[in-house]
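Visitor: I should like to study a protein model through a series of questions. May we begin with the structure itself?

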Amino acid sequence: KCSSAEEIVEAAQAKPICGKPIPPAPKGLKPDKDGKPPVTLCLFYQYVEPPWSPKEHRHAMAYVISLAKRLGVTGRGRCATEGLNCTLTGTAEAIRGFAQGLRDWNQIFNDTDFKFTDGLPWTKRFKAFTLQKKEELVAYGLPPEKAPSLKDNRTVHVEATEYHEMMKKPDTVIIDVRNFYESNIGHFQPPENGAELIDPKMRNSHEFPKWLNMPETQEKLKGKKVMMYCTGGIRCERASALLSQIEEEKPDFKTQGIVMVRGGIERYMRTYPAGGFWKGKNYLFDRRFEQIPEKKSQEELEKDIESVCCVCKKDWAQYRGAFKCSEMRCQVPVIVCTECQPGAASRKLLCPLCEEGYTLRDKEMCALRPASMGEGEDDASRKRKEPPKTNWVEEKARRKREKHVDKEPSKRIFVGNLPLVIDATTLRRTLGGGVELIRWIPDRTTGLWYGSSFVQMATLEQAQRLVKRALEGKGLRMGKRRLRISFAPVNESEEWPPADFKALERPPVPVNPGK
């Protein structure tokens, strides 16, 4: 017998808009009492194979930034040689104009499933547009030459209604490809005698390939139909391709097929507005914070809560206040209830995984074949082609750190790879004593700040101490980020500090990005 949650199905919401005209802006959207227009939010991603060349990548960055500027669209995105991923806000017309602008620029975006949410309040709007240049759209830590091919991926994309029915079947597992702190407040709950939910309990996406490489993981998946899901679908693309490649390379490891839900949790929840088999909240990385089934009662939502405040342990399912796990090698978001928030910053806060002592950090990464390897190559030729087994992400960071190591020592230093949410007080505390001034370095084209600054130290010895410390061992870190620190001697023609310098506690946010 179907539950009430299953009975409400908006089947049209399960349909993607790939290859279809951009739907028109809805009529009847009215300004709020302050005259502010309602906001439309758009989520989308698009992988590109073969990847863009460096020149094409730069052109893509420039075009997307200029398009957002022209239409007054705000939000944030990641642009890599492998594609584009954005979360955007703007008027209904501007957002649809952005989607059409991408299609007019490059026909590959005709395959993009743009997901629109109209009628949000003005307060949910991003203040500016930022586009980060990245190596990967999802940080799995897979170098471009070894990232599993999406074109060779045998995974089947199914719509939310079909995915829903598949959760009822035995001999099926469903993998939550998100981070544990996301699944902690909400996840699919397949029906009794249906699919088995598997949570890898990852702190970040880097850990998924390690989890998938574990023998006990593969034993759980062997001989089963494997379902995957994430917020909007992007994490499942590469994750499913990775599983598909492992299955291809291991003759003794076979599944009954891999599927992912088209449009992710976001589209499923629209299709089943009373929840369906979803339990709890969908963690979001935009200003909505979380998504809930719009036709599910408050009483039912409260019954769904499985997470607790990390301080008092009472049932709670909201991440507010930007609290982080106190373990330096973890630093994931933690839940702190309203009553415990005052004074929580001075306490030792632990996430559930650190309390349990669970970690995937030291597990072994998948050994992948080079992406360019063709059919018919034997193991010997494969080994000759394979590069030394190094951590690609760490090696790239090391080269960046050492690039400026031979610069003339100076009291002014460059500090890069800073968190995008930071203030001068925190940076001074991290660097220690002797900081005279901090100048946040904005991007010359957009005026936006991307994590770099000049810092003037009081003495040369203090600057040398920081540069040396940054290069040694684990370096100087802020949370998980290893800071890039190098000498930045002042050029003869340079005015330092600049005539218009103002000591700002936080990086500047331009009123009109790009102008």
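Guide: A disulfide is counted here when two cysteine sulfur atoms lie within 2.5 Å of each other. The model before us is a predicted one.

Visitor: How many disulfides does the structure hold?

Guide: A disulfide is a covalent bond between the sulfur atoms of two cysteines. For Cys230, the nearest cysteine sulfur belongs to Cys236 and is 3.6 Å away. A disulfide requires sulfur atoms within 2.5 Å, and Cys230 is in no disulfide. For the structure, the number of disulfides is 0.

Visitor: Is Cys230 buried or exposed?

Guide: The limit for a buried residue is a relative accessible area under 20%. Cys230 has a relative accessible area of 1%, and therefore it is buried.

Visitor: What is the strand order of the open sheet of 4 strands?

Guide: Strands of a sheet pair through backbone hydrogen bonds, either parallel or antiparallel. In this open sheet the pairing is antiparallel. The order of the strands is β16-β17-β15-β20.

Visitor: Which strands stand at the edges of that sheet?

Guide: A strand at the edge has a single partner strand, so one side of it is left without a neighbour in the sheet. The strands in this position are β16 (435-442) and β20 (484-487). From one strand to the next, the twist averages 25°.

Visitor: Which residue is the bridge partner of Phe414 in β17?

Guide: Strand β15 covers residues 412-416, and strand β17 covers residues 449-457. These strands pair in the antiparallel sense over 4 bridges. In β17, the partner of Phe414 is Phe454.

Visitor: Which strands does helix α15 touch as it packs on the sheet?

Guide: Helix α14 (residues 424-431) packs on the sheet and touches β16, β17 and β20. Helix α15 (residues 460-471) also packs on the sheet, and its direction makes about 135° with that of β20. The strands touched by α15 are β15, β17 and β20.

Visitor: How many aromatic pairs does a search of the whole structure find, and how far apart in sequence are the parts tied together by Tyr140 and Phe208?

Guide: The search finds 22 aromatic pairs. Tyr140 and Phe208 form a tilted pair, with 6.1 Å centre to centre and 50° between the planes. Tyr140 lies in the loop between β5 (129-133) and β6 (156-158), while Phe208 lies in helix α6 (residues 207-213), so the pair ties together parts that are 68 residues apart in sequence.

Visitor: What is the relative accessible area of Phe208?

Guide: Its partner Tyr140 is buried, with a relative accessible area of 2%. Phe208 is buried as well, and its relative accessible area is 0%.

Visitor: Over which ring does the charged end of Arg412 sit?

Guide: Arg96 lies over the face of Phe116, at 4.7 Å from the ring centre. The charged end of Arg412 sits 4.6 Å from the centre of another ring, that of Trp496.

Visitor: How many residues of helix α9 are buried?

Guide: In the protein chain, buried residues make up 48% of the 515 residues. Helix α9 (residues 264-271) is largely enclosed by the rest of the structure. Its buried residues include Gly264, Tyr268 and Thr271. Of the 8 residues of α9, the number buried is 7.

Methods: Residues are numbered from 1 along each chain as its sequence is written. This is a predicted model: local features need pLDDT of at least 70, side-chain atom pairs count only at pLDDT 80 or more; totals for chains, interfaces and linings use all residues. Side-chain values use heavy atoms; hydrogens and water are left out. Two strands pair if DSSP finds at least two bridges between them. Helices (H or I, at least four residues) and strands (E, at least two) are DSSP runs, numbered from the N terminus. Axes are lines fitted to C-alpha atoms, for helices over the stretch in contact, and angles run from 0 to 180 degrees between N-to-C directions. Contact means heavy atoms within 4.5 Å. Rings of Phe, Tyr and Trp (its six-membered ring) pair if their centres lie within 6.5 Å; planes under 30 degrees apart count as stacked, over 60 as edge-to-face and the rest as tilted. Buried means under 20% relative accessible area, exposed over 50%, partly exposed in between (1.4 Å probe, protein chains only). A charge sits over a ring if NZ of Lys or CZ of Arg is within 6 Å of the ring centre and within 35 degrees of the ring normal.
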